[in-house]
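Hello,

Here is the structure we talked about handing over. Please look at it first; my notes come after it.

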Amino acid sequence: MSILLQGEEIKALHRMIGGGVGFALLYKISRDGCNASTFHSKCDRQGPTIIVFYNTNDTVYGGYTSQSWFSTDTENCFFSKLDLMKGQLNDSYNLNSENITNDSVDIKDLEVYKCMCLDALRKDTLNYSPLRNTGVEHVNLLLIGHVGAGKSSFCNTVNSIFKGSVSHQAIAGSTERSLTNRFKKYQIRNGRYGKPLHFRLCDTKGIEKDDGIDPHEFCFILDGNMPNGHLFNSSTQLSPDSPGFLAKPSTQDRMHAVVIIIDSTVVEIFEHEILEKIRILQAKANHRGIPQVVLLTKIDRVSESLKIDVSKTFHVPKIGELVDKAADIFGLPRANIFPIKNYEDEMELREDVNTLALLALQQILNFADDYLANFLEN
Ligand SMILES: Nc1nc2c(ncn2[C@@H]2O[C@H](COP(=O)(O)OP(=O)(O)OP(=O)(O)O)[C@@H](O)[C@H]2O)c(=O)[nH]1
Ligand SMILES: [Mg+2]
């Protein structure tokens, strides 16, 4: 069965949901198989989605949800209510209104699409505030990764989106050794003089075979001991005696999510020594229950079709392969891997670039809130 959302259908959905929306196919029974675990591995935490049913009377119908899917209760989740092996919808979902289903609840196929609406993503990010009663006013998102991965560029990309013009606040560029040599917390403002948003992007030095962030120093970052602006220096590492060392960090000072930034063009040939170093840092974050995501940058260099427009990212099979590979090597679910493109040499903002970056950022903020929720409980 062909993919539904083309031409007229897309226009119809735009009319219903609002303009500026892109759709990316996340899950399709006839392509991915019919089981709840596959459904959740592909659809959980993806933000707003559309679900589309095809019935045996050649009728197409569906629904929209602004909430993310979650698989906390597989027994009672929506998918398990669909007895799809027999092609029947469970009556409890009351979808058998003749008007909608054309008198058939027998399903031939089902598709789930991620909705990518720039205005809504921008608004949600502006309105974001961390979970209440945690004493945290803004969450700290720690960016780590190999040299030249695009850590500083991601800070610039997010800054650009909210500043309203391309920003180069963080120094980015291609060098053999890490260009960033300080720990720097970037505050993002709504407009040049607007209020700061409720998250900080914490840029770090690139990981190299013989240099980068030492695991001991990394723990100081995670626990909030490292002062903003600290100069990374392999010969004199941060210690409790160092100037500015925060001896009694609060929940506000800690890191609330770790973002591993990887150049997507090197995922398939990722250097073993660097991977091992990142895995050691991941173990430190795991130990503290800090969530991790991977941002795959430079997708514009992966596929010819993404060079000038990245809005079709989720339709490019190569990107799917790289997401699988990254999930495998960093031991994370697919839902934690986000392909993006940073601003590089552009002079103007682009909707496609902003949308991908904000989709990723939204989910990272969700993960940070999950961490805070666990922190509260413990
Ligand atoms: N084409 C393209 N280039 C990118 C992208 N992201 C980053 N770059 C370029 O890659 C180079 C390295 O980017 P940086 O942001 O400096 O990388 P980094 O991870 O901060 O590197 P270090 O600070 O040196 O560890 C720069 O020339 C960027 O312009 C992207 O998505 N697409
Ligand atoms: Mg940098």
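The notes below go from the whole chain to the main sheet, one residue in it, a hairpin and the ligand.

Overall. This is a predicted model. The chain has a mean pLDDT of 86, with 85% of its residues at 70 or more. The weak part to keep in mind is residues 80-95, where pLDDT stays under 50. The model has 26 contacts beyond four places in sequence for that stretch, and I would read them with the low confidence in view. The secondary structure amounts to eleven helices and twelve strands. Of the 378 residues, 41% count as buried. Taking contacts between residues at least 6 apart in sequence, 72% join residues at least 24 apart.

The sheet. Six strands make up an open sheet with mixed pairing, and their order is β8-β9-β7-β10-β11-β12. The edges are β8 (184-189) and β12 (337-339); each has a single partner strand, so one side of each is left without a neighbour in the sheet. On average, neighbouring strands are turned by 25° against each other, direction ignored.

Strand β11, residues 292-297, has a partner on either side in that order. With β10 (residues 257-263) the pairing is parallel and runs over six bridges; here isoleucine 260 stands opposite valine 294 of β11. With β12 the strands also run parallel, joined by three bridges, and leucine 295 has phenylalanine 338 of β12 as its bridge partner.

In a regular strand, side chains alternate between the two faces of the sheet. In β11, Gln292, Val294 and Leu296 point one way, while Val293, Leu295 and Thr297 point the other way. Both sets are buried. Since six of the six residues of β11 are buried, the strand is largely enclosed by the rest of the structure.

Leucine 143. This residue is found in strand β7, residues 139-145. Is leucine 143 buried or exposed? Leucine 143 is buried, because 24 other C-beta atoms lie within 10 Å and the cut-off is 20 or more. Leaving out residues up to four places away in sequence, leucine 143 touches Lys151, Phe154, Leu201, Cys202, Asp203, Thr204, Val259 and Ile261. Of these, Val259 and Ile261 fall within the residue range of β10, 257-263. For phenylalanine 154, the separation from leucine 143 is eleven residues in sequence and 9.0 Å in space, C-alpha to C-alpha.

The hairpin. Strands β2 (residues 49-55) and β3 (residues 60-65) pair in the antiparallel sense over six bridges. Tyrosine 54 stands opposite valine 60 in β3. Four residues lie between the two strands, and in this hairpin aspartate 58 takes a positive phi near 55°.

Ligand 1. There are 24 residues around ligand 1, and those that come nearest are Gly150, Ser153, Ala172, Thr180 and Gly206. By class, the shell has 13 polar, six charged and five nonpolar residues. Which helix gives the largest share of the shell around ligand 1? That is α7 (residues 151-163), with three residues. Ser153, one of the nearest residues, falls within the range of that helix.

That is the handover.

Regards

Key: Residues numbered from 1 in each chain as written. Chains lettered and ligands numbered in written order. Predicted model: local features only at pLDDT ≥ 70, side-chain atom pairs only at ≥ 80, totals over all residues. Pairing = 2+ DSSP bridges. Axes fitted to C-alpha atoms, helices over the stretch in contact; angles between N-to-C directions. Near = placed C-beta within 6 Å. Nonpolar A, V, L, I, M, F, W, Y, C, P; charged D, E, K, R; others polar. pLDDT = per-residue confidence, 0-100. Contact = placed C-beta atoms within 7 Å. Buried ≥ 20, exposed ≤ 12 C-beta atoms within 10 Å, placed from the backbone.
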